[in-house]
Amino acid sequence: MDYSNPQIPEGINSSKGHPLKEFILLTVGIFGTLAIALFILGVLADKLAHYLPYSIEQDSELFVMGTDDKNKPIVNYLQNLADKISTTQDLPENMEIKIHYADEDVINAYATLGGNVVLFRGLLEKIPNENALTMVMAHEIAHIKHRHPIRNFGSGVVIGLVATLISGSLGDNITGRAIGTTSAITSFSFSRDHEIEADETAIQSVRSLYGHLAGASDLFAIFKEREGLDLTPEILSTHPETESRLRRIEQHSGQNNNKTTPLPEEFKNWLYLQE
């Protein structure tokens, strides 16, 4: 038997393509796949979070930052109004709404985990009547009713944890934003669909409490004027356009000549009272 030792052609184990081109294609493929995986995980987290037991949120004040609950008169009034609103929304038996007052010059209100609702002095100063206040509070309570905070929170955490596997610094940053000391994800980043759903529920609450929708659009009318000055309040930063929200209320109210309910005479003083 004869043996031969043929010469191996050069480049037999190398690609005919340019190494840099192959590296770029491989990198794009990997990150493209990861991006799709993150998107799918985010969608699933949003869907599954809605079914998580509400008990896991109870006693959570993770995102209740900078509030001042020492101001008893205003907190008591707001809490009593919140309790009335809650009865119109048929909340689950274990879903308790807790009102917090933030003595800060910020035009905002937000709902977060555990049934916590924070109202800022800057917003309350501009409330013209109780009907408008009810609309704002009912909107935030509706976010809690529909489990919007935990749904947004779940998506952020899942994406952050997966990102941690890719890059420690990137993952830590995303996860930190989701579960750290900021309320950005759970209070200002509800989707447009969530906002519309909360508006619809709030409209029903106002009608149920007062028998009409007079005053419900008053606050949004003020916001619309501020938009013209390029001073859009934070509460509208991710919300549907003010004009569309006004139209939605008008569609529900029709001809509305009913009178609004005034705020308590002491309301403005309560905003600055410290005990």
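A residue counts as buried when its relative accessible area is under 20%. With that cut-off in hand, the predicted model can be explored from its aromatic residues outward to its surface.

The structure holds three aromatic pairs. In one of them, the ring centres of Tyr77 and Phe267 lie 5.9 Å apart and the planes meet at 75°, so this pair is edge-to-face. The partners come from distant parts of the chain: Tyr77 belongs to helix α2 (residues 72-88) and Phe267 to helix α11 (residues 267-270), with their positions 190 residues apart. Tyr77 has a relative accessibility of 13% and therefore counts as buried. Phe267 is buried as well, with a relative accessible area of 1%.

Tyr77 also pairs with Trp270: here the ring centres are 5.8 Å apart and the planes stand at 50°, so the arrangement is tilted. This pair, too, links distant parts of the chain, joining helix α2 to helix α11 across 193 residues. Both Tyr77 and Trp270 are buried. Taken together, ring pairs join Tyr77, Phe267 and Trp270 into a cluster.

Now for a look at the surface. Here Ile36, Phe39, Ile40, Leu44 and Leu48 make a nonpolar patch of about 540 Å². One of these residues, Leu44, sits in helix α1 (residues 19-49). Leu44 has a relative accessible area of 45%. Because residues between the buried limit of 20% and the exposed limit of 50% are called partly exposed, Leu44 falls into that middle class.

Conventions:
Residues are numbered from 1 along each chain as its sequence is written. This is a predicted model: local features need pLDDT of at least 70, side-chain atom pairs count only at pLDDT 80 or more; totals for chains, interfaces and linings use all residues. Side-chain values use heavy atoms; hydrogens and water are left out. Patches are made of residues with over 30% relative accessible area and no salt bridge: like charges are joined within 9 Å, nonpolar side chains (Val, Leu, Ile, Met, Phe, Trp, Tyr) within 5 Å. Accessible areas come from the Shrake-Rupley method with a 1.4 Å probe; for residues, only the protein chains shown count as cover. A salt bridge is a side-chain nitrogen of Lys or Arg within 4 Å of a carboxyl oxygen of Asp or Glu. Helices (H or I, at least four residues) and strands (E, at least two) are DSSP runs, numbered from the N terminus. Buried means under 20% relative accessible area, exposed over 50%, partly exposed in between (1.4 Å probe, protein chains only). Rings of Phe, Tyr and Trp (its six-membered ring) pair if their centres lie within 6.5 Å; planes under 30 degrees apart count as stacked, over 60 as edge-to-face and the rest as tilted.
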